[in-house]
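Keep the chain in view while you read. The paragraphs below go from the overall layout to the individual packing contacts.

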Amino acid sequence: MDQQHLPFKSGFIAIAGKPNVGKSTLTNVLLGQPIAGVSAKPQTTRKRQLAIRTTDEYQMIFVDTPGLHAPKDKLSRFINSEAVSALSDADLILFLVDGSQKPDEEDSKLADLVHEAQKEDSVLLVINKIDLVDGKTLSAHRKLYQALFPEAPVVQISAQTGKGIGELIDSLIERLPEGPMYFPEEQITQTYERDIAAELIRAACMDLLEDELPYSIAVRTDEYSERENGAVYIKATIFVERDAQKAIVIGRNGEMIKRIGTLARTEIEAMNGKKVFLELYVKTRKNWKNDPAFLREVGFTGKGS
Ligand SMILES: Nc1nc2c(ncn2[C@@H]2O[C@H](COP(=O)(O)OP(=O)(O)OP(=O)(O)O)[C@@H](O)[C@H]2O)c(=O)[nH]1
Ligand SMILES: [Mg+2]
């Protein structure tokens, strides 16, 4: 068939799944560069993040969503409403699960939400982390996950090693509706680089800090400026809820804040392809999770807030 006459395809593809299954890792892989913060701890993602992949034949707009969880405060209500509205707005839902583990209560609750939002024929079941299991265990887990979406096609991947990503893209192309180019072809996300930088700094905090502390953190980029030599100078503030937490984030002789800075800088450089100078400050802001003005300041606007 003549390539020229194929209709252009496009659509919004929500990446849904419980916390920590690898949604943001997959988002970055699909785009080929980091724009979404990834960490080993659940609930890293707090806002919807678009990743736009455009070729001559299609435009896929991936929507990385926060993993759903039980709401405790204004912030968690915002996080859940972000995930739910992304589901109903999407053309396709990529339901991501952790293939190294059996489905649990959280997976089935989320599957119910997906069924409420969309017909099953717009769901693709994607089994991630296949690098962590042997074939036999994987096929046993696969059967259990398939029971959540009996009609949905299944793709097995490792977002970490890249295995199965080509197949995933092919099966998405097949199911993508005809549609317009929603975004200019060079645009890869809706977020400004300065906001992505804040997310990458927060993900670095989540990775390096212990226990509950990461959930007390918000990051604001105060300055993001390009120098004439092409380097980027970034000044950002890490907010915590209590003074004792501030001491931990800074660490003895500033060791911890230095490690956070190094990890975040590496990620930001991979994101914007430029040399980065990063200056971090730490401040206490009591009860910021319930302060609507502050939530707006760090970018949590709209429903839920
Ligand atoms: N071994 C392995 N680890 C993976 C894979 N994909 C993701 N991970 C790891 O799983 C952890 C969670 O990844 P994220 O991408 O932050 O997960 P998420 O679903 O976005 O999590 P939330 O934003 O908290 O909902 C990180 O430590 C990743 O490195 C994979 O295919 N294999
Ligand atoms: Mg995430």
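**Two domains, two sheets**

The C-alpha centres of domain 1 and domain 2 lie 27 Å apart. The model is a predicted one. Domain 1 covers residues 3–175 and domain 2 covers residues 193–297, according to the domain assignment of the protein chain. Where they touch, domain 1 contributes 19 residues and domain 2 contributes 21 residues.

Start with the sheet of 6 strands. It is open, and its pairing is mixed. Read across it and the order is β2-β3-β1-β4-β5-β6. The edges are β2 (49–54) and β6 (154–156). Each of these has a single partner strand, so one side of each is left without a neighbour in the sheet. On average, neighbouring strands here are turned by 25° against each other, direction ignored.

Now look at the β2 edge. Its partner is β3 (residues 58–64), and the two strands pair in the antiparallel sense. The pairing runs over 6 bridges. A hairpin of 3 residues joins β2 to β3. Two pairs let you follow the register. T54 has Q59 in β3 as its bridge partner. R53 stands opposite M60 in β3. When you trace side chains along a strand, one rule helps. In a regular strand, side chains alternate between the two faces of the sheet.

Next come two helix pairs. Take α1 (residues 23–31) and α5 (residues 165–175) to begin. Their axes are 11 Å apart and the packing angle is about 80°. That angle makes α1 roughly perpendicular to α5. On the α1 side the contact uses L26, V29 and L30, which meet I165, L168 and I169 of α5. By class this contact has 6 nonpolar residues, with no polar and no charged ones.

The other pair is α2 (residues 74–89) with α3 (residues 105–117). Here the axes lie 8 Å apart, at an angle of about 45°. The two helices are therefore oblique to each other. The crossing of α2 past α3 is right-handed. V84, L87 and S88 of α2 meet L113, V114 and A117 of α3. The class count for α2 with α3 is 5 nonpolar, 1 polar and no charged residues.

**The three-stranded sheet and its helices**

Move on to the other sheet. It is open, with 3 strands in the order β7-β8-β9 and mixed pairing. β7 and β9 (276–284) form the edges. Each has a single partner strand, so one side of each is left without a neighbour in the sheet. The twist from one strand to the next averages 15°.

β7 (residues 218–226) and β8 (residues 232–240) run antiparallel, joined by 8 bridges. Find T221 and you will see A236 of β8 opposite. Further along, E226 stands opposite V232 in β8. The hairpin of β7 and β8 has 5 residues between the strands. Where does this hairpin take a positive phi near 90°? At G230.

Two helices meet this sheet. Helix α7 (residues 243–250) lies across β8 and β9, and runs at about 155° to β9. α8 also packs on the sheet, where it touches β7, β8 and β9. The direction of α8 makes about 135° with that of β9.

α8 (residues 255–272) has a helix partner too: α6 (residues 193–208). The axes of α6 and α8 come within 8 Å and cross at roughly 140°. Why is this pair called oblique? Angles over 145 degrees count as roughly antiparallel and 65 to 115 as roughly perpendicular. A crossing at roughly 140° falls in neither range, and that makes α6 oblique to α8. The crossing is right-handed.

Many residues build this contact. From α6 come E193, I196, A197, L200, I201, A204, C205, D207 and L208. From α8 come M256, R259, I260, L263, A264, E267, I268, M271 and N272. By class, the contact of α6 with α8 divides into 13 nonpolar, 1 polar and 4 charged residues.

Note on methods. Residues are numbered from 1 along each chain as its sequence is written. Chains are lettered from A and ligands numbered from 1 in the order in which they are written. This is a predicted model: local features need pLDDT of at least 70, side-chain atom pairs count only at pLDDT 80 or more; totals for chains, interfaces and linings use all residues. Side-chain values use heavy atoms; hydrogens and water are left out. Two strands pair if DSSP finds at least two bridges between them. Helices (H or I, at least four residues) and strands (E, at least two) are DSSP runs, numbered from the N terminus. Axes are lines fitted to C-alpha atoms, for helices over the stretch in contact, and angles run from 0 to 180 degrees between N-to-C directions. Angles under 35 degrees count as roughly parallel, over 145 as roughly antiparallel, 65 to 115 as roughly perpendicular and the rest as oblique. A crossing is left-handed if the near helix is turned anticlockwise from the far one by less than a right angle, and right-handed if clockwise. Contact means heavy atoms within 4.5 Å. Ala, Val, Leu, Ile, Met, Phe, Trp, Tyr, Cys and Pro count as nonpolar, Asp, Glu, Lys and Arg as charged, and the others, Gly among them, as polar. Domain bounds come from an automatic or database domain assignment.
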